[in-house]
Amino acid sequence: MSNDATSGGSEKPAAQQSNSQAEHTEHAGQVLLPDLELNIERLQRFLGGGSDIVCRTLTHRSFDNEQYAILYMDGLVDGAAIHTMLLGLLEDANRTNELQDDGSLYNHLMDRSIAVGKIRPVTSIDEAGYAMLEGSTVIVVGHSLRAIAVDTAGGESRSVEEPSSQTVVRGPKEGFTENLRTNTALVRRIIKSPNLRMDYKVVGQETRTNIAVVYLQGIAQDDVVQEVHRRIDAIEIDGILESGYIEEFIQDKAFTPFPLIQNTERPDAACAGILEGQVVIMVSGTPFVLLTPVTFVRFFQSSEDYYQRYDIATFLRLIRVASFFISMLLPSMYIAITTFHQEMLPTSLLVSLAAQREGVPFPALVEAFLMEITFEILREAGVRMPRIIGPAISIVGALVLGQAAVQAGLVSAAMVIVVSFTAIASFVIPAVNMGIAARLIRFVLMILGGTFGLFGIMSGLMVLLAHLCGLRSFGKPYLMPISPFVPGNLKDVLIRVPWWAMRNRPKNMASKSNLKREGSGQRPDPDREGA
Amino acid sequence: MITLRQLASTVILFLIGSSSLFLLGGKADRDAWMSVFVGMLAGLMLLGFVTLQIQRLEPNRNLIEIFKLYFGRTAGFVFGLLYVIYYSYKSIRNVREFADLSIMFLIADTPLSVVMLVICLIGGYAVMGGPGVFFRMVEVLLPILLLIYVLLYILLFSSGLVDFGRLQPMLERGFKPVWDAAIPEIISFPFGEMVLFLMFWRYTESSDYGQVASMTIKGYLFGGAFITLMNVIALSILGPFASWTTVPLLEATNFIDIGDILERIDPLVSLLLFSAVYVKLTAYYLGASLAFAYLFGIRLQIAALPVGIGIFVGSFWFKSYMHQVNVGFEQNLKYHFPIFQIGIPIVLLLVMLMRKGVRSGKGRQSH
């Protein structure tokens, strides 16, 4: 398998460039001909002749009044760049006295008259067409066999805003956008290292989605980087609309509720990952970037943990871990204890619970299921509904389904408390996908708790543990550093030690030869400074 | 594949395993803990001079491969099969303990067959993952379980239940009852059971045999000390009642009562005990499946199926928990298990030494 990996990896990167598709499918009928009218017509036909194709023909006063055409897709280009370029070209076209020795209009335009930084020659119709689809402006020159693609990509896109998920009280408020270039720039602005590598790829035959693989050379593990390339290159699909597509193709194990790849909307979180040796996969068209390899414990870390003081961060992290277990276990424990192990409850509590449950017609398991499903529906409704209807849903949810259900004797008040507490706890986990995993597991454990009591819950947890122990993210054990136990990496699991004590990068992610991340003896010590 | 730390964790939890369910050395009454200690030392000798020596001579082979290599194809197969049966039988006993006690303490009305099926399934799930997954699981479980044990002991001490006076007078009837209780019962259970690790040692990451041996012995000593301590505490809480109760530790925790909140924590304690039993039964299940896989040259995932079915069906053989305990303590420990834990390994070691001696003798001549 590794042989395939290396051969596949070495061939494919050549196909990364955006013009690769054009080169592959090039055939005799597609080359540019020395006939401007024909070329324009063929190009229009290639692109389907939509009304968003803008074509402007110019005549150069020199070069025997040779004609050339400027073509671009309206809306995909940056208006200001087009304006500047056109202005320059018009001015140039009206000049007469600067006839060049080489005498070709193509060379003249290429070398002297385009006021844009990034230009490249194209030689075929589809190459020119794909360049236009990516926002380039194509200049087709009358008698030349080559055209010029000018990078004028732009158009409307969302500006950098505060991310809507993974919000923090303290920390940067910038979030990734849908624009790949903006996203790479946001990362470059934080990590100004020449070792920051960005490998570009195109995935999706129809969408031709741009993907950037970002990592720090020398800190990310080479085998992981290669594996990321290999797995992305192996994807064959018509379209990639979100990084979730990529995630499902490249994760290590298909059948697991647990996320094997982290995602984030926050440039600072992505950069923190890069600095620890993670590889970031950015997908054009979505603000969510992927981070890999990842461990289970990372999903409980919020970027804010590292901006707040370490003692506060530790406290918050313990709260999060506790919330994860509450979210997963509380309803099933409640069901198990009230159904099978009533003796565990203090007598007074037992009496009050029994009194509440007196009129309830369902067993605890059914009751809990009803309430949990109700809550899941409410939550889903909350996400999908138009914002204006929000208050109506809350009234129905809180009053009708909560209070009225208890008063009608359909569910017990204790169950409502358990379900609400569980629901709130599930929102504490910073990573949404891990929260969802806990939600799914909760239902399985509820059934086990309702049928086998604590024995069932423990059986479920054992299977869960075996499952977690078998998981890997890009070959790295998912439960690291708990198992395999890495004592040095425990500084950022349940507790977060002060920055000056976190001297090494995580062993499983960062390159073995480059683990050290800070100097020694940085603990603040006023006496030492005085001496 | 298995780190040294995982190996040591598994040795510890494997030893604690089901031994926390019984009062070991109960025949020595209040000196039972001394029997445990003596048994531990005797087991250490067995481990150091026999079991580990076998592995030292063939560090990259498991028991089945060693049998095949030294006893030839047929005899090796027979011995291998015997060990598959022995490991499966041990697993059966643990499944049955687990199931009976679960029904006794946790889920009174559930049919035995269903409980045993669930146990076999959760054991089988871990076995399917292979030794890597199982050993990693134990590594996660061990600190959690030890932490709960420590909390439990703090609770027991703070409830004022522990009275070391109950251990007095020591050696009232001399050392003989202590010795009698220890040999061979306590060697057979739990300390001689280390023979199972002949199936696992070769999967350790470290190629250095010395490290493997020293980590195993460290784990063994920790586990042994822990079992002895558990015995001391059970005796000093329950005194003479300790040997009558079904599960002494569970009985002891029944007395815990702190602030009217923590009145009955015995379901939680039984979960703690059962987790260790689960580790033990899965270890045996895994050992039997590995042995089966090597014996018949099939994949572990496939071997786990017939072995699992065998364990499930075999668990019905005992008529009751008492029957199971009785068969174990009255017959197996005295007559059957020593064959597998002491007899065959010693024979195997002698054969290996002779063969090696012949081989190296030849080698010397040729030089």
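Is A:Phe474 buried or exposed? Keep that question in mind while you open the structure, which is a predicted model, and select A:Phe474 in the loop between β11 (472-473) and β12 of chain A. With a relative accessibility of 6%, A:Phe474 counts as buried, because the cut-off for that word is a relative accessible area under 20%. Look at the backbone here as well, since A:Phe474 has a positive phi of about 50 degrees although it is not a glycine. For background, most residues other than glycine have a negative phi, and most peptide bonds are trans.

**Along chain A to a cis bond**

Select A:Met480 and A:Pro481 next, and look at the peptide bond that joins them, which is cis, with omega near 0 degrees. A:Pro481 belongs to the loop that lies between β12 (476-477) and α17 (526-530) of chain A.

**The sheet of chain A**

Now move to residues 53-59 and 119-122 of chain A, which are the strands β1 and β3. They belong to an open sheet of five strands, with antiparallel pairing, and its order in chain A is β1-β2-β4-β5-β3. Both β1 and β3 of chain A are edge strands, each of them pairing on one side only, and from one strand to the next the twist averages 25 degrees. In general, the strands of a sheet pair through backbone hydrogen bonds, either parallel or antiparallel.

To see one pairing in detail, show β3(A) together with β5 (residues 147-151) of chain A, where four bridges join the two antiparallel strands. Within this pair you can select A:Ile119, whose bridge partner in β5(A) is A:Val150.

Keep the sheet in view and add helix α4 (residues 79-93) of chain A, which lies across β1, β2 (67-73), β4 (136-141) and β5 of chain A. Relative to β2(A), helix α4 of chain A runs at about 175 degrees.

**A loop in chain B**

For the last stop, go to chain B and select the loop between α5 (131-158) and α6 (176-188), where B:Pro169 lies. A cis peptide bond joins B:Gln168 to B:Pro169, and its omega is about -10 degrees.

B:Leu171 is also found in the loop between α5 and α6 of chain B, and although B:Leu171 is not a glycine, it has a positive phi of about 50 degrees. Colour B:Leu171 by accessibility if your viewer allows it: with a relative accessible area of 36%, B:Leu171 is partly exposed, whereas A:Phe474, where the tour began, is buried.

Terms used. Residues numbered from 1 in each chain as written. Chains lettered and ligands numbered in written order. Predicted model: local features only at pLDDT ≥ 70, side-chain atom pairs only at ≥ 80, totals over all residues. Heavy atoms only, no water. Buried < 20%, exposed > 50% of the residue type's maximum accessible area, 1.4 Å probe, protein only. Pairing = 2+ DSSP bridges. Axes fitted to C-alpha atoms, helices over the stretch in contact; angles between N-to-C directions. Contact = heavy atoms within 4.5 Å.
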